[in-house]
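Biologist: Could you take me on a close look at the place where the two chains meet? I'd enjoy one connected account.

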Amino acid sequence: MKPEISQEELNAFIDGELDLIERDRLFVALEDNPDLAHQLCELRAVKAMVSHGYEEPPPAFQQASPRRFSASHYLATGMVLVLGLAVGWFGRDWSSPQRSFSPIHAAMQRPVSLSGLKTDTRKIVLHIDSDQPLKLQTLLDDVDYLLQHQKVIGQPVQIEVIANNYGLDLLRTDVTPYAARIEKLARQHANISFVACGQTMRRLGREGVKVKLLPETRVAPTAIGEIINRLQHGWTYIKV
Amino acid sequence: MRFLTLLAGDREIRAQLKERRSRLYRVAYSWCHDRTLADDLVQEALTRGLARLHQLRDPAQLDSWLFKILHNCWRDCFRCKKNNQDIEELEDYHYAHEDTPEHLHSRSQVVDRVRAAVALLPIGQRQVLTLIDLEEFSYNEVAEILEIPVGTVMSRLCRGRQSLKVKLIELAPQTKAGALRSVK
C-alpha cells in the first residue's frame, strides 16, 4: 500500500521544503505513478511562469534615482543669471521714470553753477567779476552747455556775458587766456554777446592800465546798469 | 548629503537598499499590479525600515524583516483606502499608458496572462505565492512575514497554484499547451 501524496507535499517538494525522508518517499511514489509526475511537472511550470511573469516589472512612475546636477546644469544656470543681469542693466532706463531734464542730461552733464536754471529759460545774463581761472573756466563751460541746451530743446537761447571788475580780464586782449575760444563762440553763434563794464575800464584807465578789449566785446556804461536793464526785460541772472 | 554619506562610509548599505528596492518593488507590484501604488508602498516600507533599523536584531534577517514591513504597509494602505477611492488616480492609470506598441509587441503574451491570473487570486494566496516564487522565501519565513501559521501558508500556496494551473495550463491556447508538453 503506497502512501498518498498530497498536493501540499508536491508543492513543498518543488519549493525545496521536504526533508530527506519525505523526498525519498515522494520519489518512490513517482516511479509508478505517471499522473503524479505530470501534476508535479505542471506545478513546476506554474512556479516558473509566475517567476517569469514578474522578471521585469514595469518601471515605477517616479524614478527613484535622486536628481543630480551636472556641469551643464550649472552652466545653464549661470547663463540664465548673466542674461537676467544684462536684461536688468539695459532695461533700467526703460523702466525708471522719465527725468524732467533727460534730453539735456543725455547730451551733456549739467554744470552745478546752472542748477537753478529752469528748463524753459530763453534769456540769460552771465555775470563775472573775478579773474580766478576756475571761475573763467566755469563761465565758458556754462556758455557751452547753454548752447548745447538750445540744440536739444530746439529753440534759441540768448546769452549775454557781462564782465566787470577783475572779471574784465576775460575780455582783455593782453591778459585773457581764452581769446581764441571767445572769438570762435562769437563767430559761430549770433545769439551770444560779450559786454564789458565801462566803469571798470575808466577806473583802470585812471590807474594807468591800457585796456584793449577783444573785437567781439561791446561796452556798456556800467555793468550794474546793464544787468538791471536786462532783468527788467525778463532775463535770468546768473552770477558765476 | 552625498558628501556626508561618503564620510560615513555606508555606501554599501545604500547599494544594498537600492538592490532591495527593486526586489521590494517587484513583489509589491505583483500584489497590487499598480505601478504608482507599488512605488509608494516600497518608499513607505524603506522609510519605515530606515527609521527602525535599530529594531533589527539579526542582520541576516534583513530581507524577511523588510518584506514584513512591506506587508504591513500594504495592509495599512488597505485600511486607509477602504473608504477613499481616488478616481483621479485611477483615471490617470487607465489613460496614461507609457507602453509603446513596440514594447507591447516584444513582451511575451505569457507575461500578460500570468499577471492577469495572479491578479485574480485572493490577496492571501497572491502574497504567499509571490513571496515564495519571486523571492524564494521558505515556508517558515513566509509564515513569519505574513504572521500566519505555516499550515496556512501551505494550503494557500496549494490553492493558489491550483487555480493558476487551471487558468494558465489547462485553459491555455493549444499552441501554448503543445509547447509546454514538448518541454516535458
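Modeller: Happily! Of the 240 residues in chain A, 20% count as buried, meaning that 20 or more other C-beta atoms, placed from the backbone, lie within 10 Å of the residue's own. This is a predicted model, in which local features need pLDDT of at least 70 and side-chain atom pairs count only at pLDDT 80 or more, while totals for chains, interfaces and linings use all residues. Residues are numbered from 1 along each chain as its sequence is written, with chains lettered from A and ligands numbered from 1 in the order in which they are written.

Now to the meeting place: 24 residues of chain A are in contact with 32 residues of chain B, contact being C-beta atoms within 7 Å. On chain B's side, the elements giving two or more residues include α2 (11-32), α7 (109-120) and α8 (123-135), and α10(B) supplies the largest share, 10 residues. By class, that side has 18 nonpolar, five polar and nine charged residues; Ala, Val, Leu, Ile, Met, Phe, Trp, Tyr, Cys and Pro count as nonpolar, Asp, Glu, Lys and Arg as charged, and the others, Gly among them, as polar.

Let's zoom in on one helix pair. The axes of α3 (residues 34-53) of chain A and α8(B) come within 9 Å and cross at roughly 85°; axes are lines fitted to C-alpha atoms over the stretch in contact, with angles from 0 to 180 degrees between N-to-C directions. The two helices are therefore roughly perpendicular, a term covering 65 to 115 degrees. Here K47(A), V50(A) and S51(A) meet L129(B), D133(B) and L134(B), a group of three nonpolar, one polar and two charged residues.

Methods
Buried ≥ 20, exposed ≤ 12 C-beta atoms within 10 Å, placed from the backbone. Contact = placed C-beta atoms within 7 Å. Helix = DSSP H or I, 4+ residues; strand = E, 2+ residues; numbered from the N terminus. Parallel < 35°, antiparallel > 145°, perpendicular 65-115°, else oblique.
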